[in-house]
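Biologist: Could you take me through one part of this model in detail? I'd like to hear how a pair of helices pack and what the biggest pocket is made of.

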Amino acid sequence: MRVILTTLLLFTTSLFGPALPAEAASQPHWSTTTIDGPDGAMAVESVTDASDKGSRPLVLLLSGTKGFFKPAYRTMAERFAAAGMDAYLVPYLSARDLHEIARAGSAPARIRYYATRQARWIETVRKIATALNADPHHNGKIGVFGLSLGAQVASAVSANNQQFSAVVLVDGGFPEGYRTPVTSMPPLQLIWGEADRAFPISGAKRLETQMKQLGGPVTLTTYPGMSHGFILAQDRPEAIKAWSVAAHFFQTSLSR
């Protein structure tokens, strides 16, 4: 698989919320990696700490149904970079996907569309992970962060797959109608708004129970009063706390 690295300098002088230990000396550096995927070339934005010259784990961020339009995704990516990882915004949703999802008009229509594309989205993420991990600057550990629809893809991608070492799922779990038997999962952090109506908290608790039955580490962190996608509201203290929970989890799980 061809990977071409082109540099796109972008320095950000501040991060939101309480600082992580390594954050004060961090120098976030953004770049773009072009990867040949199942549907053609994809431009994958990434951020790293330019002051860290050692090998680092990588974290793939998978967005919800509207893509990476919210600035919180980039802020979270910088938070992960400050915690010692290279963070990648993975555009598994094509321009056509974003258009079709936006025009679907109802939740049942969106779910029907998801079913036609899930296999391709999973393939795309796995190919991107393989390509990026070939970079000698990476240490072989891969984490994946998924929100809502991205959480569905992240859970399916990482199930029964030794390629991934840690998973954060926010307001979402396995795709509706998922039939593949799950025999193993990487260490898992669930982050959920207790007022989520799209994916109620009861589903999070069921998922927590199922993962515990597999014998793997799983933690559910909930936020009272928070609705679906609260983690993207970067003016909310609950969102900032959730970023820190995710960053700490990746920092701990991917350094082992």
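Modeller: Let's start with a convention: an angle over 145 degrees between two axes counts as roughly antiparallel. Bear in mind that this is a predicted model. Now take helix α2, residues 95-103, and helix α3, residues 107-133: their axes come within 10 Å and cross at roughly 165°. That is over the cut-off of 145, so α2 and α3 are roughly antiparallel to each other. As for handedness, the α2 and α3 crossing is left-handed.

Who does the touching? On the α2 side, the contact is made by Arg 96, Asp 97, Glu 100 and Ile 101. Facing them from α3 are Arg 110, Tyr 113, Tyr 114, Arg 117 and Trp 121. Sort that α2 and α3 contact by class and you get five charged residues and four nonpolar ones, with no polar residues.

Now for the pocket. The largest one holds about 770 Å³ of space. It has 32 lining residues, and the closest to its centre are Thr 65, Tyr 114, Ser 148, Leu 149 and Phe 199. Tyr 114 is a name you've just met, since it also belongs to the α3 side of the helix contact. Both helices turn up again here: α2, α3 and α4 (149-158) are the elements that give two or more residues to the lining. The largest share, seven residues, comes from α3. By class, the pocket lining divides into 19 nonpolar, nine polar and four charged residues.

Notes. Residues are numbered from 1 along each chain as its sequence is written. This is a predicted model: local features need pLDDT of at least 70, side-chain atom pairs count only at pLDDT 80 or more; totals for chains, interfaces and linings use all residues. Side-chain values use heavy atoms; hydrogens and water are left out. Axes are lines fitted to C-alpha atoms, for helices over the stretch in contact, and angles run from 0 to 180 degrees between N-to-C directions. Helices (H or I, at least four residues) and strands (E, at least two) are DSSP runs, numbered from the N terminus. Angles under 35 degrees count as roughly parallel, over 145 as roughly antiparallel, 65 to 115 as roughly perpendicular and the rest as oblique. A crossing is left-handed if the near helix is turned anticlockwise from the far one by less than a right angle, and right-handed if clockwise. Contact means heavy atoms within 4.5 Å. Ala, Val, Leu, Ile, Met, Phe, Trp, Tyr, Cys and Pro count as nonpolar, Asp, Glu, Lys and Arg as charged, and the others, Gly among them, as polar. On a 1 Å grid over the protein atoms alone, a cavity is a set of points where a 1.4 Å probe fits but cannot get out, and a pocket is an open set with protein on both sides within 12 Å along at least five of seven lines; lining residues have an atom within 4 Å of a point. Grid points are joined across faces, edges and corners, and a volume is the space filled by probe spheres set on the points.
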